[in-house]
2 protein chains.
Amino acid sequence: MDKLKLINEMAVDNGSKIVLLVMDGLGGIPMEVGGKTALEAANTPNMDALTAKASLGLSDVVAPAFSPGSGPGHLAMFGYDPLEYVIGRGVLEAMGIGFELKPADVAIRCNFCTLDLGGNIADRRAGRIPTDECIKRVEILRQIEIPGVEIFVEPVKEYRFVLVLRGENLGAAIPDTDPQQVGVPPLAIKATDNASEATAVILRQWWEKANQLLKDMPPANSCLLRGISKDPGLPRFSEIYKIRSAAVAVYPMYKGVSKLVGIDVIDHEAESPAEEFEVVAKHWNDYDFFFVHIKKTDSYGEDGNFDSKVKVIESVDQALPGLLKLKPDVLVITGDHSTPAKLKRHSWHPVPVLLAADSARFGSKTTFGESSCITGTLGPIKHVDIMPLALAHAMRLNKFGA
Amino acid sequence: MDKLKLINEMAVDNGSKIVLLVMDGLGGIPMEVGGKTALEAANTPNMDALTAKASLGLSDVVAPAFSPGSGPGHLAMFGYDPLEYVIGRGVLEAMGIGFELKPADVAIRCNFCTLDLGGNIADRRAGRIPTDECIKRVEILRQIEIPGVEIFVEPVKEYRFVLVLRGENLGAAIPDTDPQQVGVPPLAIKATDNASEATAVILRQWWEKANQLLKDMPPANSCLLRGISKDPGLPRFSEIYKIRSAAVAVYPMYKGVSKLVGIDVIDHEAESPAEEFEVVAKHWNDYDFFFVHIKKTDSYGEDGNFDSKVKVIESVDQALPGLLKLKPDVLVITGDHSTPAKLKRHSWHPVPVLLAADSARFGSKTTFGESSCITGTLGPIKHVDIMPLALAHAMRLNKFGA
């Protein structure tokens with residue numbers, strides 16, 4: 001909290017405008033020796049033109065060698081050190097499916113699993129049942145009622161679902177019941193603090209009933225409870241930075257993580273980058289900070305589809321004038337992590353950052369890409385510094401010390 | 001420990017192979033304005049060819065301006081922050097001469113010194129007596145027996161020797177007796193915790209007897225006790241990283257520091273880089289991580305012999321195909337610190353790192369040297385991140401958070 005407290009003390013609201021444009025999983029690596037990354041291969045005349053009035057840098061998201069999940073990646077970009085501010089897996093899973101979590105809710109990511117006749121785990125993922133089998137069982141589990149608590153069960157994908165408890169005085173200090181191995185029974189549901197004792201009792205009751213309902217439905221005849229957690233109550237983004245802030249995102253996870261830090265989520269029907277930029281334009285006078293999230297760069301990276309990732313980047317570039325005409329004082333273009341199509345997964349490779357502002361230390365770069373960012377004037381930075389740098393370039397941070 | 005704990009939680013054993021090839025004191029500076037470093041001056045076609053499928057970086061070993069000793073340099077390279085994990089000087093000195101230290105032993109690095117008739121120190125290094133004079137006295141000191149403890153006395157070099165106590169319940173919380181000045185008596189041997197009281201009594205008895213035996217042997221007629229320490233019980237390398245690990249080293253210090261973190265030390269007769277690589281080849285199926293140590297780059301740096309340092313680097317390059325034919329998934333080539341021949345000592349200059357892997361962000365470099373590493377795609381890194389980065393590139397680290 002110390003660093004955010006210092007930033008907060010230096011922050012002033014001067015009415016200047018900042019846009020943080022995030023292409024999910026933007027960073028990449030070449031598919032082969034001597035090749036280019038997706039960002040380098042993309043034809044991006046608008047972004048390249050911006051480099052003349054921008055500062056480029058390459059940024060470590062969490063720490064060298066860490067491949068960040070979406071939660072930690074966005075927290076870092078919002079200025080919250082993900083090694084310090086931890087969001088539970090249950091909360092992240094609930095956010096990922098767009099569940100409207102309330103501050104006192106307890107969220108649990110569950111796996112359907114297979115128990116053998118002796119009650120030991122035969123398969124921790126229930127043979128990876130298809131999603132429709134998951135939905136069928138989730139509907140059955142919704143019958144379970146326990147006095148004094150409201151219960152939500154939501155399917156996610158394949159063997160995964162989310163369980164949410166809503167009520168008074170719930171606690172989340174309850175370890176996973178997944179023993180991470182087969183041939184043994186699930187671990188007992190036990191609270192590790194007094195405040196979670198009553199919640200553990202509720203969960204034991206729920207789990208017993210769930211086993212009754214599922215017992216004749218192999219391979220998914222039981223479930224494991226994991227990542228039992230609550231909203232961590234993060235410091236409020238708008239208050240720390242003294243800026244009216246809004247999120248324009250299409251996917252639930254990114255709306256969820258925005259809400260978690262207290263960024264307003266704008267309701268809209270937009271899908272394409274151009275449409276998302278129109279949403280920003282429409283709300284331009286209502287907010288001074290806009291987080292705009294583009295998902296598909298990551299999706300195609302995960303699919304190993306280099307060419308489609310390139311095309312998404314190009315579509316963002318083509319739409320960019322719609323954002324530039326608003327004349328933000330600071331425009332940051334970056335990603336929440338790298339997703340190289342070659343690796344088909346989130347990776348640890350540092351992420352390119354472009355920061356355009358009148359106050360930038362302009363360099364001599366002419367293209368926006370990983371290679372040009374290595375020696376950019378922004379230097380090698382960390383994601384947790386992106387927000388403070390954006391504020392500084394917007395002349396929103398006073399001097400430190402006299 | 002937190003960072004290592006996180007790495008441990010992300011680590012998976014996928015059977016991929018990593019080689020960490022360390023040329024001791026690799027980094028350097030040009031001998032004159034406009035010149036090249038030893039690595040840049042060396043003819044290294046194999047390493048240069050590797051740069052196409054590698055990521056280069058320049059790495060700070062401990063912290064800017066810190067010239068690391070061999071202990072901290074290697075600890076950092078193994079992923080243990082040397083500012084957090086401290087190995088006592090007595091333990092390091094014992095390791096440096098190949099003494100087989102046990103976990104409960106107390107090791108002390110001693111100086112022969114000269115006491116005057118009044119018992120004050122006249123020379124803290126006993127006129128830097130030659131090593132054979134040291135050995136003569138060490139043999140005399142081996143006569144000393146104290147009930148309940150086994151005592152080892154081993155010569156090191158000139159006025160330096162090692163004393164090791166082996167027994168039950170020994171403590172090492174005993175400050176140096178070296179007052180760091182002449183004209184005053186040695187400091188009293190005093191424990192600073194209860195667990196070390198009995199050990200202080202033993203050391204006082206030993207020191208009295210040593211003075212008796214040495215009293216007619218000026219200039220080395222007494223000794224000072226320094227760096228009194230025990231094995232710090234570091235977290236085990238193979239367990240943290242979930243990788244079967246082995247060291248191939250020629251000199252005792254590097255075998256010692258490997259043992260200290262729990263890396264298996266392979267017995268062998270190899271001396272040249274080519275022979276060391278053959279040892280790796282012979283044990284290729286027994287381990288998934290190999291630390292290979294080349295000493296002579298540092299020795300010639302310390303001697304101020306630039307040309308010979310260049311030749312050692314060239315000999316490593318010539319032997320490199322013997323390592324490459326094993327097709328490691330990740331090959332890291334670096335040093336544990338810089339030893340510029342111009343300075344004839346370990347220095348603080350950041351060290352070049354080459355990381356070759358299919359998952360590397362390939363750059364456009366064509367040579368391996370300090371200058372090319374400055375703007376490499378690995379970026380400016382820290383030595384403590386080398387192991388996590390090697391694991392990440394070997395796809396041995398899962399995502400951080402969801």
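This dialogue walks through several features of a predicted two-chain model, namely helix packing, the interface, salt bridges and backbone geometry.

Visitor: What should I know about the numbering and the limits of this model before I start?

Guide: Residues are numbered from 1 along each chain as its sequence is written, while chains are lettered from A and ligands numbered from 1 in the order in which they are written. Because this is a predicted model, local features need pLDDT of at least 70 and side-chain atom pairs count only at pLDDT 80 or more, whereas totals for chains, interfaces and linings use all residues, and side-chain values use heavy atoms, leaving out hydrogens and water.

Visitor: How do I read the packing of helix 6 and helix 7 of chain A, and at what angle do the axes cross?

Guide: Two packed helices are described by the angle between their axes and the distance between the axes. Helices (H or I, at least four residues) and strands (E, at least two) are DSSP runs, numbered from the N terminus, and axes are lines fitted to C-alpha atoms, for helices over the stretch in contact, with angles from 0 to 180 degrees between N-to-C directions. In chain A, the axes of helix 6 (residues 131-141) and helix 7 (residues 197-214) come within 10 Å and cross at roughly 125°. Helix 6 of chain A and helix 7 of chain A are therefore oblique, given that angles under 35 degrees count as roughly parallel, over 145 as roughly antiparallel, 65 to 115 as roughly perpendicular and the rest as oblique.

Visitor: Which residues of helix 6 and helix 7 of chain A meet?

Guide: From helix 6 of chain A come A:Arg137, A:Ile140 and A:Leu141, in contact (heavy atoms within 4.5 Å) with A:Trp206, A:Ala210, A:Leu213 and A:Leu214 of helix 7 of chain A. By class, these are six nonpolar, no polar and one charged, where Ala, Val, Leu, Ile, Met, Phe, Trp, Tyr, Cys and Pro count as nonpolar, Asp, Glu, Lys and Arg as charged, and the others, Gly among them, as polar.

Visitor: How do helix 5 and helix 9 of chain A cross?

Guide: The axes of helix 5 (residues 89-96) of chain A and helix 9 (residues 252-261) of chain A come within 7 Å, crossing at roughly 125°, which makes helix 5 of chain A oblique to helix 9 of chain A. On the helix 5 side of chain A the contact uses A:Val91, A:Leu92, A:Met95 and A:Gly96, and on the helix 9 side A:Pro252, A:Met253, A:Gly256, A:Val257 and A:Leu260. This contact has seven nonpolar, two polar and no charged residues.

Visitor: How much area do chain B and chain A bury between them?

Guide: The size of an interface is often given as the accessible area lost when the parts come together. Chain B and chain A bury about 2400 Å² (accessible area, 1.4 Å probe, lost on being put together and summed over both), with 69% of it on carbon and sulfur atoms. B:Arg361, B:Phe400 and B:Ala402 supply 33% of the area that chain B buries against chain A, more than any other three residues. In terms of contacts, 26 residues of chain B touch 34 residues of chain A.

Visitor: How many salt bridges are there over all chains?

Guide: Side chains of opposite charge can pair when their charged atoms come close. A salt bridge here is a side-chain nitrogen of Lys or Arg within 4 Å of a carboxyl oxygen of Asp or Glu, and the count is 32 over all chains, with zero across the interface of chain B and chain A. One of them joins B:Asp385 and B:Lys3, whose closest N and O atoms are 3.5 Å apart. B:Asp385 lies in the loop between strand 13 (379-382) and helix 15 (386-393) of chain B and B:Lys3 in helix 1 (residues 2-10) of chain B, so the pair ties together parts 382 residues apart in sequence.

Visitor: Where is the cis peptide bond of chain A?

Guide: Most residues other than glycine have a negative phi, and most peptide bonds are trans. A cis bond joins A:Pro218 and A:Pro219, with omega about 5°, and A:Pro219 is in the loop between helix 7 and strand 7 (222-229) of chain A.

Conventions. Buried area is the accessible area (1.4 Å probe) that two parts lose on being put together, summed over both.
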